[in-house]
Every structure is written in structure tokens, then in C-alpha cells.
Amino acid sequence: MSNPTPQPKKLFIKTYGCQMNVYDSDRMADALAPHGYMPVHEIADADLVVLNTCHIREKASEKVFSELGRLKELRAERQAAGLDLTIGVAGCVAQAEGEEIVRRVPDVDLVFGPQSYHRLPDLLARVDGARGLHAALRAPVVDTDFPEEDKFEHLPAPRKEVTVSRGLTAFLTVQEGCDKFCTFCVVPYTRGTEVSRPLAQVLEEARRLADAGVREITLLGQNVNAYHGLDGAGRPAGLGELCYRLSEIEGLARIRYTTSHPADMADELIEAHRDLGALMPYLHLPVQSGSDRILQAMNRKHTRQSYLELVARIRAARPDIALSGDFIVGFPGETDEDFEQTLSIAAEAGYASAFTFKYSPRPGTPASGLGGQVPEPVKVERLARLNAQIAAQTRSFAESCVGKVLPVLIEKKGRNPGQLGGRSPYLQAVHMDGPERLIGGIHPVEILALSNNSLSGRIVTVAERSSARVVESRPVPPCPATRSKGILSRHVPPPADNALSPQLELAFDDNRLAAQLYGDFDQNLALIEQRLSVQATPRGNHVMLKGAAQEVDQARRVLESLYELLEEGRAIDIANVDAVIRMVQSDDSQLTLPTLEKKGKVRMAQIATRKATIVARTPAQDAYMRAMDRAELVFGVGPAGTGKTYLAVAHAATLLERGDINRIILSRPAVEAGERLGFLPGDMKEKVDPYLRPLYDALYDMMKPEAVERGITSGIIEVAPLAFMRGRTLANAVVILDEAQNTTSMQMKMFLTRLGENSKMIVTGDPTQVDLPRGERSGLVEALGLLDGIEGIHISRFTDRDVVRHALVGRIVRAYEGATAKGDRAS
Ligand code: SAM
Ligand code: SF4
């Protein structure tokens with residue numbers, strides 16, 4: 001008999017403190033996932049609760065003990081219901097307090113420090129093993145060692161779906177511990193000495209995140225800019241070098257890091273801020289105090305002056321950088337004058353935001369034993385004054401963004417319907433309206449206003465983008481590449497484990513044309529993605545293509561063709577994108593559309609009215625457009641959605657605008673309107689107009705509304721039911737008969753014989769859609785049989801492959817045609 005599948009165990013991790021704890025909590029969940037632990041949202045449902053704790057200030061660690069009190073009660077409740085609960089304490093409180101925790105709260109089963117997370121499954125196995133022992137022999141498991149082995153080497157990577165579910169932004173710990181020993185701080189004791197993860201390990205984790213769709217990574221470290229991970233040659237690489245390397249990872253659009261120490265701000269890191277568009281112009285650089293006397297007592301290793309000079313150097317490299325920081329008020333011995341200097345440095349350095357703290361004496365730190373502890377009410381008052389000043393500075397920075405166009409990473413849906421939420425480069429929350437498919441992209445947003453904690457704006461359209469004042473861009477990394485005209489293309493090797501996913505990076509010379517190429521809200525790229533099953537990720541003037549080799553190559557040809565059209569000064573819209581995709585799918589030469597056109601191999605007929613330029617999207621459309629130029633009588637027959645009437649109206653509009661004709665007559669057999677619905681209220685025009693609406697719509701698409709209205713009032717444009725054509729000679733005109741399958745034989749003959757001098761007739765219809773009373777024979781079907789082959793008459797036939805409406809329309813047409821064919825066979 002096989003063993004029953006073990007029930008999944010439910011895990012709840014409660015995280016306190018900094019971003020590094022957030023990262024650590026995810027990694028603990030990753031370590032436990034292969035052992036059957038699934039995260040749950042409610043603490044009451046959990047079989048295992050881990051408190052991931054923070055020891056930085058007294059308040060933070062005291063919170064842990066009150067939570068442990070609640071967990072004790074929860075455990076009793078669960079045990080009464082025949083369930084159990086394992087309680088674990090992780091993080092800096094665990095590291096600092098160790099055994100003391102189980103002494104204060106004996107219900108705790110497991111205490112483990114930040115360096116032991118990879119051992120968590122083993123530690124839990126020990127807890128479970130101890131449960132089986134006699135109560136007298138049972139002891140909680142405590143592990144606060146600093147092990148020899150590299151924790152990160154042993155922590156498993158989460159499954160891709162798990163990373164995807166965690167969103168578009170991610171933390172990545174690159175460094176732990178601190179050697180600075182600021183006199184107020186417990187970090188060097190709880191997290192140990194500075195240790196950096198090897199460069200390759202960090203890059204691999206970043207690639208894995210980017211592959212799961214993460215667009216922004218925040219590098220974490222207690223003292224992140226002290227990073228010195230070894231490279232392949234055993235040489236230490238600094239944070240600057242790491243940023244350069246990360247900026248080459250495809251898909252990764254934004255890099256941030258936190259928290260930095262002023263003494264570790266290396267030149268290379270400042271240069272990275274100058275060079276890398278992906279490195280966000282936001283820097284968290286704590287100063288703690290503005291008074292040299294206090295800075296020295298804090299053992300900060302920088303002075304007020306050296307800090308301000310450093311900020312000036314960083315601003316020279318990246319003028320728009322938004323500065324953030326940490327301040328402590330009420331450090332032992334801080335006088336009113338010292339505090340005034342803190343207020344003045346905050347103003348002078350020009351912080352855009354900051355975190356402010358009252359000094360909290362931490363056991364074991366040098367400052368906790370200093371004389372001159374500042375009374376609590378004084379700390380409270382100073383904190384309030386500093387907070388008020390920082391709030392004003394934050395507000396004035398946000399106000400300075402109003403009216404600017406900022407690239408916003410759109411991360412999620414907003415609170416209101418149709419709203420989206422994202423972050424500016426300066427880490428500000430931004431809300432704007434837009435379609436959900438923009439989530440994951442970086443879009444230019446004009447900032448319109450600020451509310452309490454966020455900015456609101458509107459997404460800038462393509463037409464406006466050329467005048468955008470801020471656009472994110474990345475220099476092209478040097479690599480083997482091919483250049484054709486204004487396009488640089490470079491093959492990016494696929495990851496070793498994914499040989500079916502080649503990548504190609506295209507870089508377009510002209511940012512303005514690149515924006516037009518992508519379309520409003522990147523709609524042109526979205527169509528290419530949908531139709532060719534590729535991923536097309538824009539970043540500035542670069543597009544990265546991912547997918548199967550053939551489709552990636554087709555997408556390249558589509559983009560290159562469209563870009564060349566733009567370079568030739570031709571406008572493109574979504575219909576052109578569709579046309580070029582169809583052309584590329586049906587032609588396997590490696591040439592672009594303009595080159596094929598020049599060689600006469602492909603003809604993409606164009607109709608240019610004053611309002612719109614229409615390019616043939618399928619070969620049948622191309623033939624139809626050319627036939628309208630040549631023949632006097634053209635039939636366009638085939639399913640709905642193939643553009644027959646639309647193109648006919650466009651053709652008529654150009655001839656009228658050119659003065660080749662002096663009238664357009666648009667007609668439909670309004671059988672229902674004229675005969676069956678005669679009881680409708682209103683005069684004849686009011687009754688008939690709704691049936692002619694599609695013809696009006698086509699007219700308004702081609703011509704300016706004033707021109708259409710003037711034309712109709714003056715009789716130059718006539719939209720009328722077929723019955724109105726009787727007895728007239730239609731000279732110097734383009735006469736269009738739409739829905740012609742619903743003419744009777746007599747009506748069709750009457751219509752066709754109205755053709756006068758210097759005129760053209762275009763008859764459109766779908767012979768499979770006849771809707772005539774009493775099964776009468778269609779005049780269109782008859783005419784097609786009688787007139788085929790007569791000189792001066794052209795018949796263009798469209799099929800489901802020419803449907804240019806929604807992709808579903810083609811499939812619907814095919815389904816109906818298939819059913820008709822089967823019915824025909826059966827009968
Ligand atoms: N490594 C960073 C740096 O060099 O400033 C600081 C990291 S520390 C985890 C975060 C912040 O907590 C510090 O910048 C400091 O402002 C604050 N902090 C640390 N110890 C504190 C204490 N004993 N009392 C009040 N605030 C404290
Ligand atoms: Fe603490 Fe930061 Fe100072 Fe290190 S540099 S001791 S983490 S405040």
C-alpha cells in the first residue's frame with residue numbers, strides 16, 4: 001500500500017522592521033515550501049507561526065513579546081480543538097535575546113538567528129522530534145550561531161510562479177552585517193560583520209527575478225554600499241560595478257539600493273548614477289545628525305561638511321537625484337544647538353524625504369551607557385519639529401514634480417475602477433487612469449496634482465511623447481551587433497536552460513520615431529505580441545523580443561518595416577501594423593516592407609484622404625484598391641469585416657477631394673426601412689437614416705466632420721436608400737451600393753443602369769447573408785453570375801482570411817461557412 005500524501009502544513013510569517021526582514025521572510029517561505037509548508041493569510045489558520053523580528057529600537061522588540069502573549073492563547077485554543085501550533089522567533093531579537101526568549105515565553109518552540117534560515121527545515125524536524133519525547137526531556141530549539149557555510153548557497157530558489165505572484169518589484173539582499181559600529185546601533189551585534197554575496201550569485205538571482213517578470217530590484221544590505229562581492233577572478237566588486245552588471249539584464253528596468261553609509265559612497269557608484277538610466281535617481285543616505293559633536297559621539301565617520309560635499313558630488317553626477325535619509329533626535333548629550341544644526345542640515349542637503357527617530361538606548365551598545373540622556377519630552381518635541389520640517393520639504397519636492405512628465409512603473413490596479421498605481425523614479429506613489437494591460441510597463445505620466453502621500457497624473461500619448469521632458473533611457477551595452485539604417489539589432493544569448501527562447505534587442509536611433517512605432521499605450525507592440533506570440537518589451541528606444549526563433553524574426557521584420565515607413569515620413573496606425581504583420585507572415589524573404597515595395601514584389605496600395613491614410617492590409621484589399629483605380633464598375637464581395645465598404649468610401653472621398661468627381665452617392669437597399677417599418681414615427685429621412693448609419697460612419701472616418709456636413713447640406717454627398725436611385729443618371733460621381741445581396745434582381749438591374757459619364761460604381765455585399773422576403777433571388781448573386789468577365793467590370797472576392805476586424809470575426813465567419821458547407825452536403 002502506498003503512503004497517503006502528507007497534508008500541506010500552513011505557514012504564517014509575521015514580519016517586523018526593515019526591507020531586509022521582508023526579503024528574509026520570503027526566503028524562509030521558499031526554504032519551507034519543498035517541505036510542504038504553504039503560506040496562509042490568517043494567523044489563526046497556521047500550523048507554524050514565525051515572528052521575524054527587529055531589535056533596532058526598544059519599541060520594535062517589545063512588540064514581539066506582546067505578540068508572543070497572543071500566540072500563547074492561540075496555541076491553547078487550537079490545542080482545545082485538537083490542533084497544534086508551532087511558534088518560532090527569527091530575526092534580530094532572536095539573535096540578540098536567544099535563550100532569554102524561551103525563558104520569558106516557554107511556549108516558544110524555536111528561536112533562530114538571521115544566519116540560520118537555510119537550516120529551518122532541519123530545526124523544525126528537531127522541534128517535531130522533541131514533541132515525541134517525555135515532557136521532562138523536551139527543550140525548545142535555539143540556534144543563533146553564525147555558521148561557516150554560506151546561507152544563500154543553501155537557500156532554495158522559489159518556483160517561478162511564486163516569484164511571479166510576488167509582483168513586479170523585488171528585494172534582493174546582496175550584503176549583510178555592518179562593521180561601522182555606530183555607538184547607538186545594535187546591527188553589528190545582531191547581524192554580525194559585513195559579508196557580501198559573490199557577484200555571480202547576485203546576478204543569477206537578479207536574472208531569475210527578471211525572467212519572472214520583475215521590472216525593479218532593490219538591492220539590500222545593512223550597509224549596502226560597502227558591498228564587495230567577489231567576481232569570478234576572486235577580485236572584490238563594488239556596488240557600482242554590480243549596478244553596471246545588473247543594468248545589462250534584459251527586462252530589468254530599474255535598480256535601487258538601500259541603506260548606504262556616507263563613508264562608503266565610492267566614485268564608481270557615483271559614476272553609475274551618472275551613466276545608468278536604470279539606476280534610479282533616488283538615494284537613501286542617512287546622516288543621523290547635523291552636529292559634528294554628536295556625529296563624533298555616534299562614531300559616524302563623517303562630518304557635517306564632508307556629508308554636504310558628498311551630496312554636492314552626487315548631485316553633480318545626477319542633478320535630479322532625490323535625497324532621502326535617517327535622523328536620530330535626542331542622542332545622549334544633544335543640546336538645543338546641536339538639534340538646530342540637525343534642522344539646518346536637513347534644509348541645506350535638500351532632502352526629498354526622510355525617516356526620523358527618537359534615540360532609543362539599546363542594551364550592549366556604547367551609547368546606552370553614556371551620560372547626558374535626553375529627557376523623553378525633549379525628544380518628543382524635537383522629533384515633532386523635525387517631522388514638520390521634513391514634511392514641508394517632501395511636499396515642496398512633490399510640488400516641483402507637478403507639470404513634469406515622469407516615467408512611471410505601473411505596478412497594479414488603483415483603488416478606483418479604471419485607475420492604475422505605480423511609482424515615479426523618486427519612489428513616489430503615482431495614480432493615473434489607463435487600461436490594465438499597461439501594468440508592468442514604464443510609461444510617461446504628466447504629473448497633474450499631489451494629494452497627501454501620492455501624485456496623480458495622466459499617461460502621455462504617443463503624439464505628445466516627443467515633447468516629454470523626462471524619458472528613461474539606457475545606453476546600449478557594447479556587443480556584436482548589426483546595424484541597418486537607424487536600427488541596431490543584437491542577439492542576446494538565451495539562458496542556458498531555455499534554448500527555445502531566443503532574444504533579440506532592437507535599438508532605434510530616433511526616440512521620437514520609436515515612440516510612434518510603439519503606438520499609444522504601446523498598442524502596436526501589444527498587437528505584435530498577440531499576433532506573433534512573442535514578448536516585446538520596450539525600454540526607451542530599445543525593444544527586446546523574446547519567443548520562438550521564427551516568431552522573433554517575424555516580429556523583427558515587422559518592427560523594422562514599420563520603422564522604415566516612419567523614417568520615410570509615412571504615418572502608421574494600428575491598421576498598418578496589422579497589414580505589415582500579415583505581409584510578413586505571408587512572405588518569407590528577409591526583406592522589409594519598404595524594400596519589397598521598392599523591388600515591386602509587394603504592393604501595399606494606399607488611399608490617402610485629407611484625414612486618414614489607409615494601407616491595404618491583405619492581398620485581396622490590395623487588389624480591390626487597385627481595381628477601384630482602374631475599373632468603372634467594381635464588385636467587392638465576401639464576409640463582413642473585410643473592409644469592402646470602408647475602402648470604397650475612402651476611395652470616393654479621395655476622388656472628391658482631388659476634384660476628379662463632384663458627387664458621392666452612398667446607397668443601401670433599405671427594404672425594411674422603406675417597406676416593413678413604414679409605421680415608424682418621423683419623416684422619411686428620420687426613418688431611413690439609422691439604416692444608412694454605417695455609410696455615414698465610414699464618411700466621418702475619411703473626411704473632416706465639417707466637410708461631410710457641408711457636402712450633405714449642399715447635396716455633394718448623398719446618403720440615400722436604393723429606391724431613390726430610380727430614374728436618375730448618376731454622372732461625375734462615385735456611387736456605392738452597400739449590402740447589395742439584399743437587392744432584388746430588378747433593383748440591381750435598375751441600379752447598375754444608372755451609371756453615367758465619368759462615374760464609377762462600387763457594389764459591395766456578402767452573398768451568404770441574403771435577407772430578402774419570400775426567399776427571393778438576390779440581385780447581387782445574379783449579377784455576379786451574369787457580369788463576370790465583361791470588360792470594365794472587376795470582381796474582388798474576399799474570404800475569411802481578409803477579415804480585418806477583431807480576430808474572432810474571422811473565426812466566426814469560418815464556423816458559419818463550415819456549417820453551411822456541411823448543410824449543403826447533407827441536403
Ligand atoms: N546602515 C544604516 C546607516 O548607516 O545609517 C542604518 C541602518 S539602521 C537599521 C536604520 C536606522 O535606524 C538608522 O539609520 C538610524 O537612524 C536608526 N537607528 C538605529 N539605531 C537606533 C537607535 N538606537 N535609536 C534610534 N534610532 C536608531
Ligand atoms: Fe548601524 Fe548603519 Fe551604523 Fe552600521 S552603519 S552601525 S547599520 S547605523
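Which residues come nearest to ligand 1, of the 16 that surround this ligand? In the model I am showing today, which is a predicted one, the answer is Phe184, Gln222, Gln288, Asp326 and Ser360.

Let me stay with this ligand for a moment and go through its polar contacts. An oxygen atom of ligand 1 sits 2.7 Å from an N or O atom in the side chain of glutamine 288, and an oxygen atom of the ligand also lies 3.3 Å from a polar side-chain atom of arginine 57. At serine 360 the partner belongs to the backbone: one of its polar backbone atoms is 2.8 Å from a nitrogen atom of ligand 1. Taken alone, ligand 1 would expose 560 Å², and the protein buries 90% of that. If you want to find the shell in terms of secondary structure, look at β15 (322–329) and β16 (351–358), which are the elements that give two or more residues to it. Sorted by class, the shell of ligand 1 holds 6 nonpolar, 5 polar and 5 charged residues.

Now to ligand 2. The residues around ligand 2 are Cys178, Lys180, Phe181, Cys182, Phe184, Cys185, Val187, Pro188, His261 and Arg300, and by class they divide into 7 nonpolar, 1 polar and 2 charged. Please notice Phe184 in that list, since Phe184 was also named among the residues that come nearest to ligand 1.

Let me step back to the whole chain before going on. The chain has 29 helices and 34 strands, and 53% of its 827 residues are buried. Its accessible surface comes to about 37600 Å², and carbon and sulfur atoms account for 53% of that area. If we take the contacts with a separation of 6 or more, then 71% of them are between residues 24 or more positions apart.

With that background, we can look at some strands, beginning with β10, which covers residues 216–220. Why is this strand described as largely enclosed by the rest of the structure? It is because 5 of its 5 residues are buried. The burial applies to both faces, with Glu216, Thr218 and Leu220 on one side and Ile217 and Leu219 on the other. On the pairing side, strand β7 (residues 169–173) runs parallel to β10 and is joined to it by 5 bridges, with threonine 173 standing opposite leucine 220. Strand β13 is likewise parallel to β10, again through 5 bridges, and here leucine 220 stands opposite threonine 258.

Strand β13, residues 254–258, also contains arginine 254. Is arginine 254 buried or exposed? Its relative accessibility is 0%, and since buried means under 20%, arginine 254 counts as buried. A polar atom of its side chain lies 2.7 Å from the backbone oxygen of proline 407.

The next strand is β26, residues 542–546, where 5 of the 5 residues are buried, so that this strand too is largely enclosed by the rest of the structure. His542, Met544 and Lys546 point one way from β26, while Val543 and Leu545 point the other way. Two strands run antiparallel to β26: β24 (residues 503–508), joined by 5 bridges, and β25 (residues 535–539), joined by 5 bridges as well. Leucine 506 stands opposite valine 543, and alanine 536 stands opposite leucine 545. Between β25 and β26 there are 2 residues, which makes the pair a hairpin, and glycine 540 in the turn has a positive phi of about 60 degrees.

For a helix, let us take α27, residues 745–752, in which the buried residues are Gln747, Met748, Met750, Phe751 and Leu752. What covers these buried residues? The cover includes the strands β29 (633–637), β32 (733–737) and β33 (760–765), together with the helix α28 (779–787).

I will finish with a loop residue, alanine 139, which is placed between α5 (120–131) and β6 (141–143). At 49% relative accessibility, alanine 139 counts as partly exposed, because exposed begins over 50% and buried means under 20%. Measuring from C-alpha to C-alpha, alanine 139 is 10.0 Å in space from arginine 126, and the two are 13 residues apart in sequence.

Key: Residues numbered from 1 in each chain as written. Chains lettered and ligands numbered in written order. Predicted model: local features only at pLDDT ≥ 70, side-chain atom pairs only at ≥ 80, totals over all residues. Heavy atoms only, no water. Near = heavy atom within 4 Å. Polar contact = N/O pair within 3.5 Å; in protein donor to acceptor, adjacent residues only side chain to side chain. Areas by Shrake-Rupley, 256 points an atom, 1.4 Å probe, with all protein chains shown as cover. Helix = DSSP H or I, 4+ residues; strand = E, 2+ residues; numbered from the N terminus. Nonpolar A, V, L, I, M, F, W, Y, C, P; charged D, E, K, R; others polar. Buried < 20%, exposed > 50% of the residue type's maximum accessible area, 1.4 Å probe, protein only. Pairing = 2+ DSSP bridges. Contact = heavy atoms within 4.5 Å.
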